[in-house]
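Trainee: I would like to go through this model with you. Can we put it on screen and take it piece by piece?

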Amino acid sequence: MGEKLRIAGWISVGVVAGALTTVSLQTVARGSMSPLPLEELQQLAAVFDMVKTDYVEPVDEKKLITDAISGMVASLDPHSQYFDKKSYKEFREGTTGQFVGVGIEITQEDGLIKIVSPIEGSPAYRAGLKTNDLITKIDDTAVKGLALNEAVKRMRGEPNTKVVLTVFRKDENRTFPVTIVREQIRTQSVRGKVIEPGYAWVRLSQFQERTVDDFVAKIEDIYKQEPNLKGLVLDLRNDPGGLLDAAVAVSTAFLPEKVTVVSTNGQLAESKYTFKASPEFYQRRSGPDPLKKLPAALKNVPLVVLVNEGSASASEIVAGALQDHKRATIMGSQTFGKGSVQTVRPLGPDTGLKLTTARYYTPSGRSIQAKGIVPDVMVDETEEGSPFAVLRMREADLEKHLNSGQGDEKPNPEREKAREEARKRLEEEAKKPAAERKAPELGSDKDFPLVQALNKLKGRPVLVSKTLTERKEDKASN
């Protein structure tokens, strides 16, 4: 296994350009290749020559070639991608949990950029930006109509460079500019607390390089406050993924030694692999096993895992492993269904190719791809239900998505009707004052799924969803 990890480099799952991704970075010697289709390659060369000589104005030859590569790879599935110099750098930043920017978590609202939360201690935090502030301009560029990814790119940059954000603060009804100096930002992927005597909550928002160390530190802190822990809620809601070794490590924290956590299968020999609950499968560097610091009682503490449609990739691996080994009760709604592996191979010092090479399987052999993890107990987002869950994008909704490779795929003609009804409800909801539309903070006493998880741990009645059902896999588009 050690030699394999040295060859593979690292494996990760995460979000790149809005697509949830599972990645194995490696350099592989190609032993043999099938004969090239010469006629088609000649056509490609002929088109290249015609564009270069006949197009209305001169074109950049290198751009033509990179665009051809990008188009070829993008036609395969939603997660295969060609990385140019800029996107390769952004991809690598995404897995470390570190980047150069202003330090805000954002979303979109009415075509503008809405601040979900400034990261504590960041330049944006020090500049006084607040939750619910709306960004209307980034330097001289109007945000209205700008894609979220493009807005992120414009706010990121080199350390010690300035960016001017024009901010509209609704509760003060004023617009004002804020000049911020970019710096290195480190996101915090682990939160947690003792909720009440005997019960604790730990949330993982992403699986990053420091997630395992931060997770161990948080668990140690919880046990110092509450040595006689009776139950723990592991919250993976809206966790889009991260590093696979971190997912294997978190799973191992709760599982018996050496049981299977997840397996992969694809055409390449190195794509057929089984990851087990053992240090050699999650430690990327030499040194002591960080999980050795964990209290032994964690292996047996009653456990509930919360998931939803935003739980993907690494979080699905953890949920699937704990479910298959009957180590935890999975509660919430069906997860995203991102269960394919992408291998990233460097094409040069600054460019690379991310290619889908395998599918993920839970310990019992279930494919995660386009199916996700179905909770043991379906729970709504609120006491009134989950009226907008049907509008959330899942893997099975992505164009050209891979199927699971298991069993028949059943289209659901009722889904679009349900979505239209949910869209109408959302339009009505949008007319309400912002204070009435604000969702309860995760981990608060108003967090309905968390309250139900605690009820489960205490042996009390749980308000099971009356509307959520398992979503069967749709007919794949490829």
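Trainee: What covers the buried residues of helix H12?
Mentor: This is a predicted model, and local features need pLDDT of at least 70, side-chain atom pairs count only at pLDDT 80 or more, while totals for chains, interfaces and linings use all residues. Residues are numbered from 1 along each chain as its sequence is written, and side-chain values use heavy atoms, with hydrogens and water left out. The cover of H12's buried residues includes strands E12 (190–196), E13 (199–204), E14 (231–235), E17 (303–307) and E18 (329–332).

Trainee: How are helices and strands defined, and which residues of H12 are buried?
Mentor: Helices (H or I, at least four residues) and strands (E, at least two) are DSSP runs, numbered from the N terminus. Buried means under 20% relative accessible area, exposed over 50%, partly exposed in between (1.4 Å probe, protein chains only). H12 spans residues 448–458, and 8 of its 11 residues are buried, so the rest of the structure largely encloses it. The buried ones are Phe 448, Pro 449, Leu 450, Gln 452, Ala 453, Leu 454, Asn 455 and Leu 457.

Trainee: Which residue follows H12, and what is its phi?
Mentor: The residue is Gly 459. Its phi is positive, near 75°.

Trainee: At what angle do H8 and H9 pack?
Mentor: Axes are lines fitted to C-alpha atoms, for helices over the stretch in contact, and angles run from 0 to 180 degrees between N-to-C directions. H8 covers residues 244–254 and H9 covers 314–324. Their axes lie 9 Å apart, at an angle of about 25°.

Trainee: Are H8 and H9 roughly parallel or antiparallel?
Mentor: Angles under 35 degrees count as roughly parallel, over 145 as roughly antiparallel, 65 to 115 as roughly perpendicular and the rest as oblique. The angle here is about 25°. H8 and H9 are therefore roughly parallel.

Trainee: Which residues make the contact of H8 with H9?
Mentor: Contact means heavy atoms within 4.5 Å. H8 brings Leu 244, Ala 247, Val 250, Ser 251 and Phe 254. From H9 come Ala 314, Ile 317, Val 318, Ala 321 and Leu 322.

Trainee: How do the residues of that H8 and H9 contact divide into nonpolar, polar and charged?
Mentor: Ala, Val, Leu, Ile, Met, Phe, Trp, Tyr, Cys and Pro count as nonpolar, Asp, Glu, Lys and Arg as charged, and the others, Gly among them, as polar. The split is 9 nonpolar, 1 polar and no charged.

Trainee: How many residues of H9 are buried?
Mentor: H9 is mostly covered. Among its buried residues are Ser 315, Glu 316 and Gln 323. The count is 10 of 11.

Trainee: Which residues meet between H2 and H3?
Mentor: H2 (residues 38–54) and H3 (residues 61–74) pack at about 140°, with axes 11 Å apart. Their contact holds 4 nonpolar, no polar and 2 charged residues. Phe 48, Val 51 and Lys 52 in H2 meet Glu 61, Leu 64 and Ile 65 in H3.

Trainee: Is Asn 160 buried or exposed?
Mentor: Asn 160 sits in the loop between helix H6 (148–155) and strand E9 (162–169). Its phi is positive, about 70°, although it is not a glycine. With a relative accessible area of 65%, Asn 160 is exposed.

Trainee: What is the relative accessible area of Asn 173?
Mentor: Asn 173 lies in the loop between E9 and strand E10 (174–181). Its phi is positive, near 50°. Asn 173 is exposed, at 62%.

Trainee: Which residues does Tyr 223 contact, leaving aside neighbours within four places in sequence?
Mentor: Tyr 223 is in helix H7 (residues 211–225). It counts as buried at 10% relative accessibility. Its C-alpha is 9.3 Å from that of Leu 294, 71 residues apart along the chain. The contacts are Leu 229, Pro 295, Ala 297, Leu 298 and Val 301.

Trainee: Over which residues does pLDDT stay under 50?
Mentor: pLDDT is the predictor's confidence in each residue, from 0 to 100. The chain averages 84, and 81% of the residues score at least 70. Where pLDDT is low, the predicted coordinates should not be read in detail. The stretches under 50 include residues 1–32 and residues 474–478.
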